[in-house]
Amino acid sequence: MALLNPAQGIVIKQVVTAVTVAVTTLLLSNHVLSTPKLPNLTARLVYTLRWQIFEVLTLFAGVMVIGNIRFTTNQVNPLAKKDASLLTVHQRYTQNTMEQLVMSMVGQWIAVSYLDDEGMKLIPVFVLLFVCGRIAFWIGYNIEPLYRGFGFALTVLPTVGLLCYGLYCTVTYGYTYDLD
């Protein structure tokens, strides 16, 4: 069995830390957050959409930083190659955030179609983890690309959970659950 190289060890430590933070946050939130009263699917979806503005702002921040760099440097022309390295991390952050945002939002929408009121208090927690994960990803990426693992894991782990839950519920309860 091959041993991990030092870079892989760093990434694994970041992922383990992110798992610890995510699980601790979920456990603590269960005692802190109150359960909103959301009587139907429409109310649950609207509640979720309203929380998702914070996730969208992480993408907006990336777009604004790229726009500011383009405006204040020789990168006004996006086809110019001069100073392109100034944009690389921010462009990759923005691209990855868009990818993560789509999966997170769709995962939340599917999950809330099966969650009851008690489960709905998870939505603000997942949004918080997403936002904190994106910030940590961006900071880590700017320091050293190897240090983006914590933020990536903190972002993607709740999404994986949501997608697995959505798939489980869809297979178990079907496509017409709670539609009457």
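This note goes through helix packing, burial, salt bridges and backbone angles in a predicted model.

1. **The α3/α6 pair.** Helix α3 covers residues 53-72 and helix α6 covers residues 122-143. They pack at an angle of about 20 degrees. Their axes are 8 Å apart. Angles under 35 degrees count as roughly parallel, so α3 and α6 are roughly parallel to each other.

2. **Who makes that contact.** From α3 come Phe-54, Glu-55, Thr-58, Ala-61, Gly-62 and Val-65. From α6 come Phe-126, Val-127, Phe-130, Val-131, Arg-134 and Trp-138. By class, the contact of α3 with α6 has eight nonpolar residues, two polar ones and two charged ones.

3. **Length of α3.** Does the span of α3 agree or disagree with its residue count? Helix α3 has 20 residues, which at 1.5 Å a residue should span 28 Å. The end C-alpha atoms of α3 are 28 Å apart, so the span agrees.

4. **Burial in α3.** The buried residues of α3 are Glu-55, Thr-58, Leu-59, Gly-62, Ile-66, Ile-69 and Arg-70. Their cover includes α2 (41-51), α4 (85-112) and α6. Glu-55, Thr-58 and Gly-62 are buried, and these residues are also among those of α3 in contact with α6.

5. **Asn-96 in α4.** Asn-96 lies in helix α4. Is Asn-96 buried or exposed? Its relative accessible area is 13%. Buried means under 20%, so Asn-96 is buried. Leaving out residues up to four places away in sequence, Asn-96 touches Arg-134, Phe-137 and Phe-152. Of these, Arg-134 also takes part in the contact of α6 with α3.

6. **Salt bridge Arg-44 to Asp-178.** How many salt bridges does the structure hold? It holds two. One joins the side chains of Arg-44 and Asp-178, at 2.7 Å from N to O. This pair links distant parts of the chain, 134 residues apart. Arg-44 is in helix α2, while Asp-178 is in the segment after α7 (149-173). The two ends also sit in unlike surroundings: Arg-44 has 5% relative accessibility and so counts as buried, whereas Asp-178 has a relative accessible area of 36% and is therefore partly exposed.

7. **Salt bridge Glu-118 to Lys-121.** The side chains of Glu-118 and Lys-121 also meet in a salt bridge, at 2.9 Å from N to O. Glu-118 is partly exposed, with a relative accessible area of 43%. Lys-121 is at 8% relative accessibility, so Lys-121 counts as buried.

8. **Length and burial of α7.** Helix α7 has 25 residues. From first C-alpha to last, α7 reaches 35 Å. That is close to the 36 Å expected at 1.5 Å a residue. Buried residues of α7 include Gly-149, Gly-151, Ala-153, Leu-154, Thr-155 and Val-156. Further along, Pro-158, Thr-159, Leu-162, Gly-166, Cys-169 and Thr-170 are buried too. What do the buried residues of α7 pack against? They pack against α1 (6-32), α4 and α6.

9. **Positive phi after α7.** Gly-174 comes just after α7 and takes a positive phi of about 90 degrees. Asp-178, in the segment after α7, has phi near 60 degrees. That is a positive value in a residue other than glycine. Asp-178 is the residue that meets Arg-44 in a salt bridge, and is worth viewing with that partner.

Methods
Residues numbered from 1 in each chain as written. Predicted model: local features only at pLDDT ≥ 70, side-chain atom pairs only at ≥ 80, totals over all residues. Heavy atoms only, no water. Axes fitted to C-alpha atoms, helices over the stretch in contact; angles between N-to-C directions. Helix = DSSP H or I, 4+ residues; strand = E, 2+ residues; numbered from the N terminus. Parallel < 35°, antiparallel > 145°, perpendicular 65-115°, else oblique. Contact = heavy atoms within 4.5 Å. Nonpolar A, V, L, I, M, F, W, Y, C, P; charged D, E, K, R; others polar. Expected span 1.5 Å × (residues − 1). Buried < 20%, exposed > 50% of the residue type's maximum accessible area, 1.4 Å probe, protein only. Salt bridge = Lys/Arg side-chain N within 4 Å of Asp/Glu carboxyl O.
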